[in-house]
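I have a new structure open and a blank notebook page. I'll jot down what I look up, one entry at a time.

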Amino acid sequence: MRKNRYSLFLVLILTITYSVCFAQAKASKEPEYKYVPDNQELYNTIVAMDSTFFYAYNTCDLNKQAAIYSDNIEFYHDKGGLMTVKQDLIEGTRNNICGKVTRELVKGSIEVYPVKDFGAIEMGLHKFHNNTEKENTPSHPSKFIIFWKNDNNIWTITKVVSLH
C-alpha cells in the first residue's frame, strides 16, 4: 500500500512539475505587445498635433484650443460626462484648468491608427498635475482617445474620450 501511495505521489509531483514548466515555456514564447505605427508620417503628424494642442492647453491659449476643436466636438469624460458645445468646453477650460492643471504625456504611449476617408484615432496615456496643491501630490497615468479629422491637411479634434 505504501508503495502505491509513493508511486501516486511521484506521478502527481511529476505531472505538476511538467505542467508548470510547460506553461512557463509557452508564456515565454509569446511576444510582448509593442506598437508599431502603420504609417510613420501619419503618426508623426498626430504626435505633433497632440503636442501643439496640449501646449495650448498647458499655457491657456484658448484661441488655439478653439481653433483645433471641431465645431461639432464630442468630449466624453468618465467623471464629467459628455460635452458637445465647443464654447462650453473652452469656458470650462478657462474656469477649471487655466493656471491650475497641466498635462504631461506618458512618453512612448501614443498609438495612431488611420481611419479611411476621415483622419486618425490617437490613443495614449497622460498625467494631469494639479498646480494648486502641494508639489508631492502624485499624478497617475490615465487613458485618452482622440479622433482627429483631416480636412485638406487641417486637423481638428472631433471626439475625445478621457478616462481617469
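**Entry 1: the pocket.** Before looking, I need to fix the word: a pocket is an open set of grid points with protein on both sides within 12 Å along at least five of seven lines, and a lining residue has an atom within 4 Å of a point. I also remind myself that this is a predicted model.

Which residues lie nearest the centre of the largest pocket? I found Y57, F75, H77, I97 and H164 there, out of 26 residues that line the pocket. The space inside comes to about 580 Å³.

I then asked which elements give two or more residues to that lining. My list reads α2, β1, β2 (81-83), α4 (86-96), β5 (119-130), β6 (142-151) and β7 (154-163). The most comes from α4, which gives five residues. Sorted by class, the lining has 14 nonpolar, ten polar and two charged residues.

**Entry 2: the overall layout.** I should have started here, really. I count four helices and seven strands in the protein chain. Reading from the N terminus, I get the order α-α-α-β-β-α-β-β-β-β-β. The chain has 164 residues, and buried ones make up 29% of them.

**Entry 3: the core.** Next I looked up the largest nonpolar core, which has 27 residues. Which of them touch the most other members? I wrote down I46, Y69, V112, I146, W148, W155 and I157.

The elements that give two or more residues to this core are α2, α3 (62-68), β1, α4, β6 and β7. Here α2 gives the most, with seven residues. In my pocket entry, that place went to α4.

**Entry 4: aromatic rings.** I searched the whole structure for aromatic pairs and got six. I took F53 and F54 to start with: their ring centres are 5.0 Å apart and their planes stand at 85 degrees, so I log the pair as edge-to-face. Both F53 and F54 are buried.

How are the rings of F53 and Y69 placed? Their centres are 5.1 Å apart, and with the planes at 65 degrees this pair is edge-to-face, because angles over 60 count that way. I like this pair since it links distant parts of the chain: F53 is in helix α2 (residues 40-58) and Y69 is in strand β1 (residues 69-77), 16 residues apart.

I checked how covered these two are. F53 has 3% relative accessibility, so it counts as buried. Y69 is buried too, because its value is 5% and the cut-off is under 20%.

Stepping back, I see that F53, F54, Y57, Y69 and F128 form one aromatic cluster. Two of these names have already come up: Y57 is among the residues nearest the pocket centre, and Y69 is one of the core residues that touch the most other members.

**Entry 5: a charge over rings.** What sits over the ring of F54? I found the charged end of R103, 3.6 Å from the ring centre. The charged end of R103 also sits over the ring of F144, at 5.0 Å from its centre.

**Entry 6: positive phi.** I went looking for residues other than glycine with a positive phi. C60 has a phi near 60 degrees, and I place C60 in the loop between α2 and α3. With 28% relative accessibility, C60 counts as partly exposed.

N153 is another, with a positive phi of about 65 degrees. It is found in the loop between β6 and β7. Is N153 buried or exposed? Its relative accessibility is 67%, so I put N153 down as exposed.

**Entry 7: across the chain.** Last, I checked two residues against partners far along the sequence. I154 is in strand β7, and its C-alpha is separated by 8.8 Å from that of I68, although the two are 86 residues apart along the chain. I154 counts as exposed, because its relative accessibility is 54%.

A67 lies in helix α3. How far apart in space are A67 and I157? I get 9.4 Å from C-alpha to C-alpha, with their places 90 residues apart in sequence. A67 counts as exposed at 54% relative accessibility, while I157 appears in my core list.

Note on methods
Residues numbered from 1 in each chain as written. Predicted model: local features only at pLDDT ≥ 70, side-chain atom pairs only at ≥ 80, totals over all residues. Heavy atoms only, no water. Phe/Tyr/Trp six-rings, centres within 6.5 Å; stacked < 30°, edge-to-face > 60°. Buried < 20%, exposed > 50% of the residue type's maximum accessible area, 1.4 Å probe, protein only. Lys NZ or Arg CZ within 6 Å of the ring centre and 35° of its normal. 1 Å grid on protein atoms, 1.4 Å probe; cavity = no way out; pocket = protein on both sides within 12 Å on 5 of 7 lines; lining within 4 Å. Points joined across faces, edges and corners; volume = space filled by probe spheres on them. Nonpolar A, V, L, I, M, F, W, Y, C, P; charged D, E, K, R; others polar. Core = buried A, V, L, I, M, F, W, Y, C linked by side-chain atoms within 4.5 Å.
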